[in-house]
Amino acid sequence: MKHNFVIKKLTLLKIQNLSKTYKKGDNKIYALRDISFDVEKGEYVSIVGKSGSGKSTLLNLLGGMDTNAEGAVYYDNRNLLEMKERELSNYRKSVIGMIFQSFNLIPSHTALDNVMLPLIFSSFPRALRRTRACELLYNMGLYNRALHYPSELSGGEAQRVAIARALANKPQIILADEPTGNLDTATSREIIDLLQMFNRKHQITIVMVTHDKETANRVSDKTILLSDGEIIKTTINKPVYNLDDSSTQKPQFNL
Amino acid sequence: MTISDILSISFNNLRRNIFRSILTILGVAVGVGALSTMISLGRGVSMNIAKQMETNDLFTGMTVSGRDLDMDHVNSRRSILSPKDEEIVPLTDSTIADLKRMPEVAMVFPEIIKPASIQFRGKKINTNLKAVPCEMGVFHPFDNIKIGTFYKTDSDPCVIISKNVLHQLGFALPNEDIEHISEHSLTVIPVDSVIGQDLDVITTVFDPEKIDLLTSTSKQLPIKNEVTNLKIKGIVETNSFSSGMFSGGIFLPPLTCEWVPCIDLNYVYNLMNDTQDKYGKYASIHVRVKDHSLLKKAKFDIEDKGLHVFSIGDKLDDLERLFYILDSALAAIGIIALLISVFGIVNTLIMAIYERRKEIGIMKSLGATQWQIKQIFYYEAASIGTIGGIVGVIGGKIISEIASNIANHHLGTFIDSNIEYFSYSLSIVGISIVFSIIVSIIASIYPANKASKIDPLDALRRE
């Protein structure tokens with residue numbers, strides 16, 4: 001007997017006819033033009049393009065950091081572009097975790113305090129907050145660096161602290177803006193592997209902006225190529241999973 | 001986000017630029033110090049004056065006269081010596097008996113004052129003899145005679161002299177302020193050489209042998225001096241707050257005073273004008289009520305009898321109004337000082353916004369709400385206000401203690417006892433600190449609002 005299984009996809013983000021313009025003199029410049037695509041639950045989406053192609057602008061709109069655009073970005077049937085400030089804060093707090101190229105750790109806070117920060121804003125129980133942050137740092141291999149300040153960490157360590165901070169509130173989506181942009185090749189590989197592991201093992205949806213097309217094709221399910229604010233190509237990939245590769249040491253992670 | 005979370009973030013921020021935070025806190029401390037000091041000064045001055053008046057029985061004593069001696073009459077240029085006939089009530093022994101029957105009254109006696117000269121140890125001065133009954137021994141200022149004692153009967157042949165009289169004679173006692181002694185070139189004499197010693201009281205009397213002078217063209221008067229010898233029983237301390245009757249001079253029992261011969265100018269005036277029945281035996285009567293709360297009622301009751309009353313006590317409302325104005329003016333100076341320090345808070349927080357712009361952007365990207373960002377700034381300002389308030393109140397207290405000591409050192413010779421010019425109370429401390437916190441939070445509204453509206457995208461772009 002033959003069974004036909006239909007896997008129903010769950011769309012987390014629905015981007016419809018998204019355009020963003022800014023004025024330069026009398027001219028209207030398109031930062032993004034008529035962008036439409038879906039981000040499914042558990043999907044690894046890479047947005048690739050040259051500098052100025054609109055990658056980061058798109059990511060900021062998906063992260064609710066910017067709402068000044070036309071079209072729509074739907075999450076849970078609600079358009080982010082029409083959300084009030086408080087709803088956007090809640091969205092940023094509970095739905096997404098952001099990772100930046102320049103890590104954006106608060107320099108006056110220790111690694112542990114940086115990881116605890118989103119837990120403070122989401123009113124995570126005070127008694128459990130420290131344990132949760134310590135667990136995350138331990139899983140990132142940074143337990144012995146917990147009380148160090150960002151200036152005392154290497155680039156790879158700082159980015160792993162930033163990833164731990166992004167994961168603190170167990171987000172559904174991680175938005176990564178050039179997460180390896182400031183790192184050397186070996187450390188970049190480590191970070192990309194870490195993100196891939198979260199995606200595959202813990203079904204965390206990842207939207208990553210990168211200019212590295214090769215890495216994007218290697219790790220992501222879908223690669224969106226942007227040029228001058230327009231999608232010029234969407235590629236569905238068969239990503240290479242490195243998770244069973246016993247030759248390299250992979251972090252064991254429980255979220 | 002709990003209060004301890006916000007406090008932790010706020011203190012972390014204040015610690016980060018500790019020097020600037022300390023300067024801002026000091027600014028607030030100066031403002032709060034000025035505010036609390038000014039309020040306590042106003043309160044201290046009014047309390048001390050009220051206390052001085054109360055201890056000097058100014059709120060319980062009054063002078064009753066048969067004529068209206070109100071200052072308004074002087075201002076309106078009506079002669080106080082020749083009031084209209086219908087306004088005059090004669091003061092006699094029956095008036096005194098009538099006043100004694102009043103339930104509010106504790107003490108009534110006629111104010112008999114005789115002009116005299118006194119001579120003691122070769123020094124002579126002019127002063128007044130004042131008849132005070134022995135029952136006054138339990139009232140101020142005679143209840144606190146430290147040198148000698150008050151007389152026991154109304155006929156003791158003795159006097160109580162005020163310390164001022166002793167000073168006017170050029171003498172001082174060994175325990176007196178050395179600066180005052182040297183300033184007025186007084187001679188220090190032992191207590192034994194004053195108490196129990198004779199005092200020559202010189203009064204002026206009619207000289208029947210010179211009565212012919214009245215009919216001649218001579219400009220001489222038919223008078224002569226008579227010396228009465230009385231023992232000094234005690235020395236009383238009076239000060240500028242004491243009422244007229246007790247402000248200084250020589251005090252002696254009423255019967256003794258009666259024995260001392262002296263021309264009664266009042267009697268002469270009445271005799272010449274044939275007005276003895278009209279003005280009565282006494283010029284004025286001293287009335288003392290049992291408690292200062294009874295003063296107003298007693299005054300109204302006496303006025304109902306057609307008599308005229310003068311008392312400092314019924315000027316209390318005017319005095320309280322004056323103190324209120326003084327308190328308000330001093331508080332206003334303090335508030336202005338505190339408001340100036342508010343600019344320091346606004347400046348510190350606005351500087352903090354520029355320095356922590358990226359940090360605020362990171363917090364917002366992590367989900368911090370506008371209210372949470374505002375709360376961080378409110379708590380920072382409240383922390384500055386609280387620490388500044390506490391430091392200010394402590395500093396103000398220390399400065400006021402120093403100022404009080406300096407003032408007492410310089411004014412000690414003028415006023416007998418040490419006076420606390422600054423009156424701190426728990427309510428002044430509490431109000432100053434709470435006011436400091438409230439003003440600080442108000443000062444943080446604009447910076448907090450500005451910080452909460454920072455665009456995270458714009459903030460994160462800046463390196």
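1. Of the 463 residues in chain B, 37% are buried (20 or more other C-beta atoms within 10 Å of a residue's own, against 12 or fewer for exposed and anything in between for partly exposed, with C-beta atoms placed from the backbone). Please keep in mind that this is a predicted model, in which local features need pLDDT of at least 70, side-chain atom pairs count only at pLDDT 80 or more, and totals for chains, interfaces and linings use all residues. Residues are numbered from 1 along each chain as its sequence is written, while chains are lettered from A and ligands numbered from 1 in the order in which they are written.

2. Chain B contains 15 helices and 13 strands (DSSP runs numbered from the N terminus: H or I of at least four residues for helices, E of at least two for strands). Among its contacts with a separation of 6 or more, 81% link residues 24 or more positions apart; a contact here puts two C-beta atoms, placed from the backbone, within 7 Å.

3. A sheet to look at in chain B is open and antiparallel, with four strands in the order S2-S12-S1-S13; strands pair if DSSP finds at least two bridges between them. Strands S2 (105–110) and S13 (308–310) of chain B are at the edges with a single partner strand each, so one side of each has no neighbour in the sheet. On average, neighbouring strands are turned by 25° against each other, direction ignored (axes are lines fitted to C-alpha atoms, for helices over the stretch in contact, and angles run from 0 to 180 degrees between N-to-C directions).

4. Within that sheet, five bridges join S2(B) to strand S12 (residues 284–289) of chain B in the antiparallel sense. One bridge pairs B:Val105 with B:Val289 in S12(B). Helix H4 (residues 93–100) of chain B packs on the sheet, where it touches S2 and S12 of chain B, and its direction makes about 170° with that of S2(B).

5. Chain A offers an open sheet with mixed pairing, its six strands ordered S6-S7-S8-S3-S9-S10. Here strands S6 (96–99) and S10 (230–236) of chain A are the edges; each has a single partner strand, so one side of each is left without a neighbour in the sheet. The average turn between neighbouring strands is 15°, direction ignored.

6. S6(A) runs parallel to strand S7 (residues 173–177) of chain A, joined by four bridges, and A:Met98 stands opposite A:Leu175 in S7(A). Lying across S3 (44–49), S7, S8 (205–210) and S9 (222–227) of chain A is helix H1 (residues 55–62) of chain A, at about 155° to S8(A).

7. Now the cores. The largest nonpolar core has 114 residues, of which A:Val115, A:Leu137, A:Ile174 and A:Val207 touch the most other members (a core joins buried Ala, Val, Leu, Ile, Met, Phe, Trp, Tyr and Cys residues through C-beta atoms within 7 Å). Beyond its neighbours within four places in sequence, A:Val115 has contacts that include A:Ala133, A:Leu137, A:Val161 and A:Arg165. A second, separate core of 32 residues includes B:Ala116, B:Val165, B:Leu199 and B:Val236.

8. Where the chains meet, 18 residues of chain B are in contact with 19 residues of chain A. H12(B) gives the largest share of the chain B side, four residues.

9. A last residue to check is A:Glu87, found in helix H2 (residues 85–94) of chain A. A:Glu87 counts as partly exposed because it has 13 C-beta neighbours inside 10 Å.
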